[in-house]
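Student: Could you take me through one part of this protein closely, namely how the side chains meet one another inside it? I would like one connected explanation rather than a list.

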Amino acid sequence: MNSTKCAIALGSNLGDSLATLKSAIITLNNTPGIALKSHSSWYQTAPVGPPQPDYINACAILEVALKPEQLLASLLEIEIKFNRIRREKWGPRTLDLDLLLYDNLILETPTLTLPHPRMTERAFVLVPLAEIAPDWVHPVTKSAIAQLLQTADCSGVQKLQL
């Protein structure tokens, strides 16, 4: 079966975020069609959007035997397992799983845009992603993740010392 390399972002700022994220990593790896290849360190990050607690964020590299839409559906199902409720845009959440990159695919459908449309502006994505995939070339900007990180404001991103 063919597999495709993908990158996802993980985030949480409600409940025991670190425990939730660690459980989500295990759940991802136990999901049919998904194999976890690596994940970044954990980072405490300032929230984007309405006033809310800081986030814990990370990124992971997956090998998947799923089409992009199937992978997105699996990510959304995992969010629901962890009691994700969508109340307001950019609001607080128990778990957020964002599909960032699906190999070098550029895709725009009503439900999915690849690569993730705002990933290049977000240090809370670029910092952990550069840790595990610095040479991955963004298919739209044609820049490596490490290059994109150089222009990001990383002031709100701190590596957790565990």
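Tutor: In this predicted model, the count of aromatic pairs is zero, where a pair would need two ring centres within 6.5 Å. An aromatic ring does take part in another kind of arrangement, since lysine 5 lies over the face of tryptophan 136, at 4.4 Å from the ring centre.

The number of disulfides is likewise zero. The sulfur of cysteine 59 has its closest cysteine sulfur in cysteine 154, and because the two are 12 Å apart, they are too far from each other for a bond. The surroundings of these cysteines can be described as well: cysteine 59 is buried, with a relative accessible area of 0%, whereas cysteine 154, at 28% relative accessibility, is partly exposed.

Cysteine 59 also leads us into the interior, as it is one of the residues in contact with leucine 10. Setting aside neighbours within four places in sequence, leucine 10 also touches Leu21, Ala24, Ile25 and Leu28, together with Ile56, Asn57, Ala58 and Ala60, and finally Asp96 and Leu97. In soluble globular proteins, nonpolar side chains tend to be buried together. Here the largest nonpolar core has 27 residues, and the members that touch the most others are Ile8, Leu10, Leu71 and Leu99. Two or more residues of this core come from each of strand E1, helix H1 (17-29), strand E4, helix H2 (68-81) and strand E5. A second core, separate from that one, has 21 residues, among them Tyr43, Val125, Ala130 and Leu148.

Two residues of that second core, Val125 and Ala130, are also among the buried residues of helix H3, and so this helix deserves a look of its own. Helix H3 is mostly covered, with eight of its 10 residues buried. Besides Val125 and Ala130, the buried residues are Ala123, Phe124, Leu126, Val127, Pro128 and Leu129. Their cover includes strands E1 (4-12), E3 (43-45), E4 (55-64), E5 and E8 (157-159), as well as helix H4.

Polar side chains can also be found in the interior, and serine 12, in strand E1, is an example, being buried with a relative accessible area of 0%. The side chains of serine 12 and serine 17 are joined by a polar contact of 2.9 Å, while a polar atom of the serine 12 side chain lies 2.6 Å from the backbone oxygen of threonine 94. Leaving out residues up to four places away in sequence, serine 12 touches Thr20, Leu21, Asp54, Tyr55, Ile56 and Arg93 in addition to Ser17 and Thr94.

Finally, let us turn to the loops. In the loop between strand E7 (113-114) and helix H3 (123-132) we find proline 115, and the peptide bond that leads to proline 115 from leucine 114 is cis, with omega near -10 degrees. Aspartate 103, in the loop between strand E5 (96-102) and strand E6 (107-108), has phi near 50 degrees, which is a positive value in a residue other than glycine; aspartate 103 is partly exposed, at a relative accessible area of 39%. Lysine 142, in the loop between helix H3 and helix H4 (145-150), also has a positive phi, near 65 degrees, and at 61% relative accessibility lysine 142 counts as exposed.

How values were computed
Residues are numbered from 1 along each chain as its sequence is written. This is a predicted model: local features need pLDDT of at least 70, side-chain atom pairs count only at pLDDT 80 or more; totals for chains, interfaces and linings use all residues. Side-chain values use heavy atoms; hydrogens and water are left out. Helices (H or I, at least four residues) and strands (E, at least two) are DSSP runs, numbered from the N terminus. Buried means under 20% relative accessible area, exposed over 50%, partly exposed in between (1.4 Å probe, protein chains only). Contact means heavy atoms within 4.5 Å. A nonpolar core is a set of buried Ala, Val, Leu, Ile, Met, Phe, Trp, Tyr and Cys residues joined through side-chain atoms within 4.5 Å. Rings of Phe, Tyr and Trp (its six-membered ring) pair if their centres lie within 6.5 Å; planes under 30 degrees apart count as stacked, over 60 as edge-to-face and the rest as tilted. A charge sits over a ring if NZ of Lys or CZ of Arg is within 6 Å of the ring centre and within 35 degrees of the ring normal. A disulfide is a pair of cysteine sulfur atoms within 2.5 Å. A polar contact is a pair of N or O atoms within 3.5 Å; within protein, one must be able to donate a hydrogen and the other to accept it, and residues adjacent in sequence count only if both atoms are side-chain atoms.
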